[in-house]
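Here are some short exercises to work through with the model open beside you. Try each task before you read its solution.

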Amino acid sequence: MISERVIRVMTVDDHPLMMAGISSEINSQSDMTVVAQATNGVEAIELFRAQRPDVTLMDLRMPKLCGLDAIATIRSEFPRARIVVLTTWSGDVKVLNAFKAGAVGYLLKDTLRTELIDTIRRVHSGERRIPPEIALQLARHAADDPLTPRELDVLRGLAKGSPNKLIACDLSIAEHTVKNHIKNILSKLDANDRTGAVIIGARRGYIDL
């Protein structure tokens, strides 16, 4: 029988090898155990309801329902749920969106070997967990004006390589309006051209390439 002091963990990732490695590391600890494994956001919500884990490790990019939406749904039903994002994305926008959704920790997958177990223990004890490199990203862009929803639509069009006329048609707006949005995007992202805006937008987590 599992002791009440053992930290009950749920892992959520659609990569079997990644999840197997994480689970093996957790189960090798004397004070924690994996009680559930989900491969998509929908399954994560269902298993959380059934198992009520102490700590949940959540990937962001998954089929059926993304990690951000799964986090928001779980936290709306269970406000005290402790969810840590595990991802390859370090962009400040992704990080902010994760914490707005209800995450209490954020870990990059290339740091799991050294940070995972300590993070689980700290989050379980009530702490938040943000690696220094992530905190630096947040601080660097804290005063930046965010892109508006319409500017995001235009940036996605730029990422597809669409000309202004096609972006305008797709969004049902005038072509000169698209040009104004592009001007604002370049200014907000400190980019020199359309390609630079797409690269910076992807790096910061505004869009997925």
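**Exercise 1.** Does Thr88 count as buried or exposed?

*Solution.* Before starting, note that this is a predicted model, in which local features need pLDDT of at least 70 and side-chain atom pairs count only at pLDDT 80 or more, while totals for chains, interfaces and linings use all residues. Residues are numbered from 1 along each chain as its sequence is written, and side-chain values use heavy atoms, with hydrogens and water left out.

- Step 1: recall the cut-offs, where buried means under 20% relative accessible area, exposed over 50%, and partly exposed in between (1.4 Å probe, protein chains only).
- Step 2: Thr88 has 62% relative accessibility, so Thr88 counts as exposed.
- Step 3: place Thr88 in the loop between E4 and H4; helices (H or I, at least four residues) and strands (E, at least two) are DSSP runs, numbered from the N terminus.
- Step 4: list its partners; beyond neighbours within four places in sequence, Thr88 is in contact (heavy atoms within 4.5 Å) with Leu108 and Lys109.

**Exercise 2.** Find out how many residues of helix H4 are buried, and what covers them.

*Solution.*

- Step 1: H4 spans residues 92-101, and 7 of its 10 residues are buried.
- Step 2: these are Asp92, Val93, Lys94, Val95, Ala98, Phe99 and Ala101.
- Step 3: their cover includes helices H3 (67-77), H6 (132-140) and H10 (194-204), along with strands E4 (82-87) and E5 (105-108).
- Step 4: look just past the helix, where Gly102 follows with a positive phi near 125°.
- Step 5: relate H4 to the previous exercise; Phe99 lies 11 residues from Thr88 in sequence and 16 Å from Thr88 in space, C-alpha to C-alpha.

**Exercise 3.** Describe the surroundings of Arg129.

*Solution.*

- Step 1: Arg129 sits in the loop between helix H5 (112-124) and H6.
- Step 2: its relative accessible area is 18%, so Arg129 is buried.
- Step 3: its side chain makes a polar contact with the side chain of Thr119 at 3.3 Å. Such a contact is a pair of N or O atoms within 3.5 Å; within protein, one must be able to donate a hydrogen and the other to accept it, and residues adjacent in sequence count only if both atoms are side-chain atoms.
- Step 4: outside four places in sequence, the contacts of Arg129 include Phe99, Tyr106 and Glu115.

**Exercise 4.** Which domains does the assignment give, and how far apart are their centres?

*Solution.*

- Step 1: the automatic or database assignment gives domain 1 (7-141) and domain 2 (149-204).
- Step 2: their centres, taken over C-alpha atoms, are 32 Å apart.
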